[in-house]
Amino acid sequence: MVEEFAFDNTEERRKVRQNGTGWIEVIVGSMFSGKSEELIRRLNRARIARQRVQFFKPRIDARYSVAEIASHSGHKHDSMPVSSATELMAAILDETQVVGIDEGQFFDLELIEAANKLAHQGKRVIIAGLDQDYTGKPFEPMPQLLCIAEFITKTHAICVKCGSTANYSQRTVESEARVEVGAADKYEARCRKCFIPHADAPTLHS
Ligand code: ADP
Ligand code: ZN
């Protein structure tokens with residue numbers, strides 16, 4: 001079986017593999033930072049290496065496509081929508097070697113135990129998600145997943161106001177719900193200086 005290494009920490013991964021266990025990789029960042037792209041890239045490479053891959057996303061994220069994961073730049077990959085970590089675990093096949101999960105922030109805390117269990121079974125688990133909500137607060141269960149992961153990657157977008165490195169998802173519509181599903185219609189990437197930790201709708205500031 002061809003081994004698949006996506007990062008520079010090849011040596012660490014080889015050690016994990018030699019140990020006979022799987023591992024957890026977490027990809028976090030703001031909206032538009034390329035989390036889905038990076039996840040799709042890793043899963044495509046695993047497929048090229050003829051590894052058996054399963055790809056999940058929460059049912060809540062209905063943007064673009066029901067049975068595919070799509071990035072903001074239009075890259076797609078077949079995926080299975082699930083309502084909970086329990087439903088995800090029930091859908092896992094024994095022979096699966098790589099489990100990809102997008103929009104991890106829309107799962108509950110059960111995802112932590114599920115990820116640990118899959119890694120213990122010898123599977124490579126890759127989870128992408130928002131690390132902060134629209135107010136800049138840590139978005140569970142991503143902080144906990146970052147703690148238990150063997151490998152973590154932080155992706156960054158470009159601030160639409162000033163062009164700096166963006167670490168925040170600015171909500172541009174009036175809503176105080178933590179989960180307000182949307183893309184460029186409701187959010188934009190902002191840097192620390194340009195981010196306003198509450199709704200920044202034009203109607204509020206004109
Ligand atoms: P995420 O999953 O982190 O929301 P995606 O992988 O879906 O991100 O989309 C990343 C793509 O979004 C980029 O490759 C780029 O084409 C596009 N994009 C749109 N706005 C921005 C921005 N402000 N900064 C960076 N990329 C952006
Ligand atoms: Zn800025």
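## Exercises: a zinc site and some backbone oddities

The zinc ion (ligand 2) takes its protein donors from Cys159 (SG), Cys162 (SG), Cys191 (SG) and Cys194 (SG), which lie 2.3 to 2.4 Å from it. Donors here are N, O and S atoms within 2.8 Å of the metal (3.2 Å for Na, K and Ca); water is not among the atoms, so sites may look incomplete.

This is a predicted model, where local features need pLDDT of at least 70, side-chain atom pairs count only at pLDDT 80 or more, and totals for chains, interfaces and linings use all residues. Residues are numbered from 1 along each chain as its sequence is written, chains are lettered from A and ligands numbered from 1 in the order in which they are written, and side-chain values use heavy atoms, leaving out hydrogens and water.

**Exercise 1.** Work out why the arrangement around the zinc ion (ligand 2) counts as tetrahedral.

*Solution.* Start with the rule: four donors are tetrahedral if all angles lie between 85 and 135 degrees. Now take the angles: the 4 donor atoms subtend 102 to 116 degrees, so the arrangement is tetrahedral. For reference, the ideal angle for four tetrahedral donors is 109.5 degrees. Finally, look along the chain, where the donors follow the spacing C-x2-C-x28-C-x2-C.

**Exercise 2.** Sort Cys159 and Cys162 into buried, partly exposed or exposed.

*Solution.* Get the cut-offs first: buried means under 20% relative accessible area, exposed over 50%, and partly exposed in between (1.4 Å probe, protein chains only). Cys159 has 3%, so it is buried. Cys162 comes in at 45%, so it is partly exposed. Zooming out, 51% of the 206 residues of the chain count as buried.

**Exercise 3.** Find where the positive phi values of Phe32 and Arg50 sit, and classify the exposure of Phe32 and Arg50.

*Solution.* Elements first: helices (H or I, at least four residues) and strands (E, at least two) are DSSP runs, numbered from the N terminus. Phe32, with phi near 70 degrees, is in the loop between β1 (23–29) and α2 (35–48). Its relative accessible area is 29%, so Phe32 is partly exposed. Arg50 has phi near 60 degrees and belongs to the loop between α2 and β2 (53–58). At 69%, Arg50 is exposed.

**Exercise 4.** Locate the cis peptide bond between Glu140 and Pro141.

*Solution.* Check omega: it is about 5 degrees for the bond joining Glu140 and Pro141. Then place the proline: Pro141 lies in the loop between β7 (124–130) and α5 (142–148).

How values were computed:
Tetrahedral: all angles 85-135°; square planar, octahedral: opposite > 155°, others 65-115°.
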